[in-house]
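This report introduces a protein structure to a reader who has not met it before. The account moves from the overall dimensions to the sheets and then to the packing of two helices.

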Amino acid sequence: MEAPPISTSSRIFVAGSTGLVGSAVTRALRARGYTTLILPTHAQLDLKDQAATRALFAYERPDVVILAAARVGGIWANWEYPFEFIQDNLAVEMNTISEAFRTGVRRLLFMGSSCIYPKLAPQPLKEEYLLTGPLEETNRAYAVAKIAGIELCRSLNREYGTQYLSLMPTNLYGPGDNFELTTSHVLPALLRKFHEAKLGLPNENGDARPPHAPVTLWGTGTPRREFLHADDLAEAVLHLLEGNAGSRLPDGMVNIGCGSDLTIRELAEMVQKAVGHKGEILWDRSKPDGTPQKLLDISRVKALGWAPKISLERGVRMTYEWYLANNGRLGDRS
Ligand code: GFB
């Protein structure tokens with residue numbers, strides 16, 4: 001049975017509303033006139049805590065859940081802290097999805113990740129490649145947790161007729177991203193590294209540097225990645241929610257990407273230009289490359305009428321402006 005239509009007074013719980021994705025979704029919901037948003041902060045609600053999660057659902061009774069809460073990080077954080085990545089994400093997914101179902105939530109959107117696909121799957125990655133081969137080692141623990149979340153949604157859909165939808169976003173970036181160099185993803189790391197080197201601020205070890213000092217990046221620069229601005233993902237979330245896409249996707253999965261990728265070296269040159277750094281780029285080959293390519297096939301979401309709007313060049317410029325206004329003015333090492 002089709003879920004009831006969403007309206008601007010629907011009670012929408014955005015789990016993870018202060019993160020990169022959750023804050024973008026919250027901005028988009030507000031801009032579209034949704035008035036009844038349930039936005040507990042992490043301090044108010046720890047979704048790893050089952051009793052607290054149950055109490056939130058019992059009290060707030062949301063109609064719609066957008067599950068954007070997760071422990072996320074770049075290649076290094078995933079490699080260093082696999083237990084925390086699988087443990088925290090399994091707990092958050094289990095509690096949120098189960099309590100949503102228990103309290104009769106008809107619409108739920110779960111944020112998966114493009115890293116759920118096999119390391120060497122054919123490109124571009126289609127939704128049906130899930131579980132067809134071994135995963136990339138650097139983020140296997142995180143990927144298994146995300147696959148479990150997809151499977152929770154799918155199992156509920158098949159057994160109990162819900163229409164919970166799992167979105168597979170590609171590598172995301174945008175305002176409010178994590179710019180901490182050991183845990184961040186590549187794009188914010190590059191913006192910060194080029195910015196601080198341009199100004200001649202001390203390097204990560206605190207050593208003095210002249211302006212336009214060389215920048216050291218990780219791996220070989222040859223892996224290919226696809227990048228999507230978080231505001232584009234937020235538009236996709238609203239489009240799918242308002243169009244009730246869950247009822248039209250039998251396996252409950254949909255990729256969200258921009259449809260093209262580039263090498264990390266090409267990305268580095270683009271970011272370097274946007275920042276105005278004129279120095280050398282060095283590659284630290286002791287750091288992992290990760291999966292050789294991760295490009296999503298987005299024909300499903302395109303057929304549902306969504307397409308991205310923010311080009312990578314513009315998105316990089318916008319994110320650099322945000323960084324300057326918020327973190328990077330004095331180049332502080334927070
Ligand atoms: O974004 P990133 O950390 O994660 O790294 P993944 C992408 C590529 O950029 C890798 C290279 O080949 C890195 O070696 N890279 C170069 C750097 N310089 C840097 C740098 O200074 N910092 C970082 N972080 N990377 C993550 C997964 O994989 O992608 C997560 O670990 C998640 O689970 C996320 O799926 C979307 O794209 O390799």
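The protein contains 10 helices and 13 strands. The model is a predicted one. Along the principal axes, its C-alpha atoms fill a box of roughly 65 × 40 × 35 Å. A compact globule of 334 residues would have a radius of gyration near 20 Å, and the protein, with 20 Å, agrees with that expectation.

**The six-stranded sheet**

One open sheet is built from six strands in the order β2-β1-β3-β4-β5-β10, and its pairing is parallel. The edges are occupied by β2 (37-38) and β10 (253-256); each has a single partner strand, so one side of each lacks a neighbour in the sheet. Within this sheet, β4 (residues 107-111) pairs with β5 (residues 165-169) in the parallel sense, over three bridges. Met111 has Leu167 of β5 as its bridge partner.

**The three-stranded sheet**

A further open sheet has three strands in the order β11-β8-β13, with mixed pairing. Its edge strands, β11 (262-263) and β13 (293-294), each pair on one side only. Strand β8 (residues 224-225) is joined to β11 by two bridges in the antiparallel sense. Arg224 stands opposite Thr263, a residue of β11.

The two strand pairs described above are set out below.

| Strand pair | Sense | Bridges |
|---|---|---|
| β4 and β5 | parallel | three bridges |
| β8 and β11 | antiparallel | two bridges |

**Helices α4 and α5**

How do α4 and α5 pack, and at what angle? Helix α4 (residues 82-102) packs with helix α5 (residues 140-160) at an angle of about 15°, and the axes are 7 Å apart. Because an angle under 35 degrees counts as roughly parallel, α4 is roughly parallel to α5. The crossing of α4 past α5 is right-handed.

From α4, the residues making the contact are Pro82, Phe85, Ile86, Asn89, Leu90, Glu93, Met94, Ile97 and Phe101. The α5 side includes Ala141, Tyr142, Val144, Ala145, Lys146, Ala148, Gly149 and Leu152, together with Cys153, Leu156 and Tyr160. Of the residues in the contact of α4 with α5, 16 are nonpolar, two are polar and two are charged.

Helix α5 is also placed against the six-stranded sheet: α5 lies across β4, β5 and β10, and runs at about 160° to β4.

Note on methods. Residues numbered from 1 in each chain as written. Predicted model: local features only at pLDDT ≥ 70, side-chain atom pairs only at ≥ 80, totals over all residues. Heavy atoms only, no water. Axes fitted to C-alpha atoms, helices over the stretch in contact; angles between N-to-C directions. Helix = DSSP H or I, 4+ residues; strand = E, 2+ residues; numbered from the N terminus. Parallel < 35°, antiparallel > 145°, perpendicular 65-115°, else oblique. Left-handed = near helix turned anticlockwise from the far one by under 90°. Contact = heavy atoms within 4.5 Å. Nonpolar A, V, L, I, M, F, W, Y, C, P; charged D, E, K, R; others polar. Pairing = 2+ DSSP bridges. Rg over C-alpha atoms; globule rule 2.2 N^0.38 Å.
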